[in-house]
Amino acid sequence: QVRLVESGGGLVQPGGSLRLSCATSRVIFSINAMAWYRQAPGKERELVARIFTGGGTYYADSVKGRFTISRDNAKNTVYLQMNSLKPEDTAVYYCNTYPYGLYWGQGTQVTVSS
């Protein structure tokens with residue numbers, strides 16, 4: 001069974017910061033690029049950031065310069081540091097492989113509001 005467990009979401013004011021975590025399995029983590037996706041109400045799921053096995057990264061234009069994706073190989077965990085948060089960042093955030101697999105976790109809710 002695929003392990004994808006997101007955590008770290010919550011309510012934050014505009015301009016604030018959050019760090020999301022994604023715990024996954026050793027096999028999945030070792031051989032795949034990992035990514036964060038998000039889905040806001042009434043909108044399609046979109047790719048936010050990805051990190052490749054070689055360490056290279058990619059960010060959507062909407063989050064570039066504000067979000068940072070990283071990984072801890074010893075813990076099989078992927079992180080998303082989110083700074084300068086905006087109301088339009090409000091969404092459920094999911095982690096998965098890139099390209100994404102068939103299984104999705106429950107995600108973690110991020111709400112940016114004053």
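M34 has T97 as its bridge partner in strand 9. Strands, like helices, are DSSP runs numbered from the N terminus, a strand (E) having at least two residues and a helix (H or I) at least four. The model is predicted, so local features need pLDDT of at least 70 and side-chain atom pairs count only at pLDDT 80 or more, whereas totals for chains, interfaces and linings use all residues. Residues are numbered from 1 along each chain as its sequence is written, and side-chain values use heavy atoms, with hydrogens and water left out.

The pair of M34 and T97 introduces the wider pairing of strand 4. Strand 4 and strand 9 run antiparallel and are joined by 7 bridges; two strands are said to pair if DSSP finds at least two bridges between them. Strand 4 also pairs with strand 5 (residues 46-51), again in the antiparallel sense, over 5 bridges. Strand 4 and strand 5 form a hairpin with 6 residues between the strands, and in this hairpin G42 takes a positive phi near 75°. How many residues of strand 4 are buried? The number is 6 of the 7, so strand 4 is largely enclosed by the rest of the structure. Here buried means under 20% relative accessible area, exposed means over 50%, and partly exposed lies in between, with a 1.4 Å probe and protein chains only. As a general point, side chains in a regular strand alternate between the two faces of the sheet.

One residue of strand 4 (residues 33-39) deserves a detailed description, namely R38. R38 counts as buried because its relative accessibility is 5%. In strand 5, the bridge partner of R38 is E46. The side chain of R38 also makes a polar contact of 2.8 Å with the side chain of E46, and another polar contact, of 3.5 Å, joins the side chains of R38 and S62. A polar contact is a pair of N or O atoms within 3.5 Å; within protein, one atom must be able to donate a hydrogen and the other to accept it, and residues adjacent in sequence count only if both atoms are side-chain atoms. Residues up to four places away in sequence are not counted among the neighbours that R38 touches, which include V48, F67, A91 and Y93. Contact here means heavy atoms within 4.5 Å.

The charged side chains come next. A salt bridge is a side-chain nitrogen of Lys or Arg within 4 Å of a carboxyl oxygen of Asp or Glu, and by this rule the count comes to 4. One of them is formed by D89 and R38, whose closest N and O atoms are 3.0 Å apart. D89 lies in the loop between strand 8 and strand 9 and R38 in strand 4, so this pair ties together parts that are 51 residues apart in sequence. D89 is buried, with a relative accessible area of 1%. The side chains of R66 and D89 also meet in a salt bridge, at 2.8 Å from N to O. This second pair links distant parts of the chain, since R66 is in the loop between strand 6 (57-59) and strand 7, 23 residues apart from D89. Both R66 and D89 are buried. Salt bridges that share partners join R38, E46, R66 and D89 into one network. Are the partners of the salt bridge between D61 and K64 buried or exposed? D61 is exposed, and so is K64; their side chains meet at 3.2 Å, N to O.

A covalent link is also present. In general, a disulfide is a covalent bond between the sulfur atoms of two cysteines; the cut-off used here is a pair of cysteine sulfur atoms within 2.5 Å. A search of the whole structure finds 1 disulfide. C22 and C95 form this disulfide, with their sulfur atoms 1.8 Å apart. The pair links distant parts of the chain, with C22 in strand 3 (residues 18-24) and C95 in strand 9 (residues 91-98), 73 residues apart. The link of C22 and C95 is right-handed, with 55° about the S-S bond, and both C22 and C95 are buried.

Some backbone features complete the description. The peptide bond from Y98 to P99 is cis, with omega near -5°, and P99 lies in the loop between strand 9 and strand 10 (108-112). N76, a residue other than glycine, has a positive phi near 50°. N76 is placed in the loop between strand 7 (67-72) and strand 8 (77-82), and it counts as buried because its relative accessibility is 13%. S84, also a residue other than glycine, likewise has a positive phi near 50°. S84 is found in the loop between strand 8 and strand 9, and it counts as partly exposed at 41% relative accessibility.
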